[in-house]
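Subject: Structure handover

Hi there,

Here is the structure I promised to pass on. Please open it alongside this message, and my notes on what turned up follow below.

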Amino acid sequence: MWGAQSVGERWAVMTRFADDRDDDYDVLDWGRWERNSRVCVEGKRGQTALAELEAALVALPRKVLIKGALADDRGDMCAVGVLVAHHRTAAGDERSEVVRQMADRAAKYNADDDQTEETIAAGRAIGLTATLSWVLSLLNDLDHGAATPEQRYDAVLRWVRRKRDIF
């Protein structure tokens, strides 16, 4: 049998789905996530958020995106941080104060801490769905994690424009 190995008294069949957990629904969970993330990006609310993100990215004075935190002490931000600053500035808040608040909250974490929950909460506070906040966080930190801040900015902006071209 191709792809099978004898393991004691039974045969182990290799598949392309790795399951290192005792969870029979791993593939179904992944499929649900894929569908939900696609819908949140392609839906009306997601498209509105992407249009706002594109405008906010283009308006950045420094064309960089950081990873791992909403903002840093230099005033640089991740994709969700850029959108939060854009929203709050449009609502009348001072941009430098918004960025400082995000940087202060990020400074409470260690460099290796996962700040995904913080990012999702910040996104939800401006009206993003948790899924869209998570998608943008993954795009920013994982998909382009090894990139320089400038490369990450270019890649995220390209992704946003490509997803907006769907319609």
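Let me start at Ser137: setting aside its neighbours within four places in sequence, this residue is in contact with Val80, Thr116, Thr119 and Leu142. Ser137 belongs to helix H6, residues 130-143. Its relative accessible area is 8%, so Ser137 is buried. Please keep in mind as you look around that this is a predicted model.

Two of those partners are worth a closer look. Thr119 sits in helix H5, which covers residues 116-125. With a relative accessibility of 5%, Thr119 counts as buried. Apart from neighbours within four places in sequence, Thr119 touches Leu70, Val80, Ser133 and Ser137. Val80 therefore turns up in the list for Ser137 and again in the list for Thr119, if you want a residue to centre your view on.

Leu142 is in helix H6 too. Is Leu142 buried or exposed? Its relative accessibility is 64%, so Leu142 counts as exposed. You may also like to pick out Leu142 together with Lys67: they are 75 residues apart in sequence, and their C-alpha atoms lie 8.6 Å apart in space.

Now for the overall layout. The protein chain has seven helices and two strands, and from the N terminus on the order is β-β-α-α-α-α-α-α-α. Of the 167 residues in the chain, 36% are buried. The chain exposes about 10,800 Å², with 51% of that supplied by carbon and sulfur atoms. If you take the contacts between residues at least 6 apart in sequence, 58% of them join residues at least 24 apart.

The helix packing was the part I enjoyed going through, so here are three pairs.

H2 with H3: helix H2 spans residues 44-59, and its axis comes within 9 Å of the H3 axis, crossing at roughly 90 degrees. The two helices are therefore roughly perpendicular to each other. On the H2 side the contact uses Ala49, Glu52, Leu53, Ala56 and Leu57, which meet Ala79, Val82, Leu83, His86 and His87 in H3. By class, that contact has seven nonpolar, two polar and one charged residues.

H3 with H4: helix H3 (residues 79-90) packs against helix H4 (residues 95-107) at an angle of about 140 degrees, and the axes are 9 Å apart. H3 and H4 are therefore oblique to each other, and H3 passes H4 in a right-handed crossing. Gly81, Val84, Ala85, Arg88 and Thr89 come from H3, while Arg95, Val98, Val99, Gln101 and Met102 come from H4. The residues in this contact divide into five nonpolar, three polar and two charged.

H2 with H7: helix H7 covers residues 149-164 and packs with H2 at an angle of about 145 degrees, their axes being 10 Å apart. Here the crossing is left-handed. Gln47, Leu50, Ala51, Leu53, Glu54, Leu57 and Val58 in H2 meet Tyr153, Val156, Leu157, Trp159, Val160, Arg161, Lys163 and Arg164 in H7. The class count is 10 nonpolar, one polar and four charged residues. When you colour H2, note that Leu53 and Leu57 appear in its contact with H3 and also in its contact with H7.

Happy browsing, and do write back with any questions.

Best wishes

Definitions and conventions
Residues numbered from 1 in each chain as written. Predicted model: local features only at pLDDT ≥ 70, side-chain atom pairs only at ≥ 80, totals over all residues. Heavy atoms only, no water. Helix = DSSP H or I, 4+ residues; strand = E, 2+ residues; numbered from the N terminus. Buried < 20%, exposed > 50% of the residue type's maximum accessible area, 1.4 Å probe, protein only. Contact = heavy atoms within 4.5 Å. Areas by Shrake-Rupley, 256 points an atom, 1.4 Å probe, with all protein chains shown as cover. Axes fitted to C-alpha atoms, helices over the stretch in contact; angles between N-to-C directions. Parallel < 35°, antiparallel > 145°, perpendicular 65-115°, else oblique. Left-handed = near helix turned anticlockwise from the far one by under 90°. Nonpolar A, V, L, I, M, F, W, Y, C, P; charged D, E, K, R; others polar.
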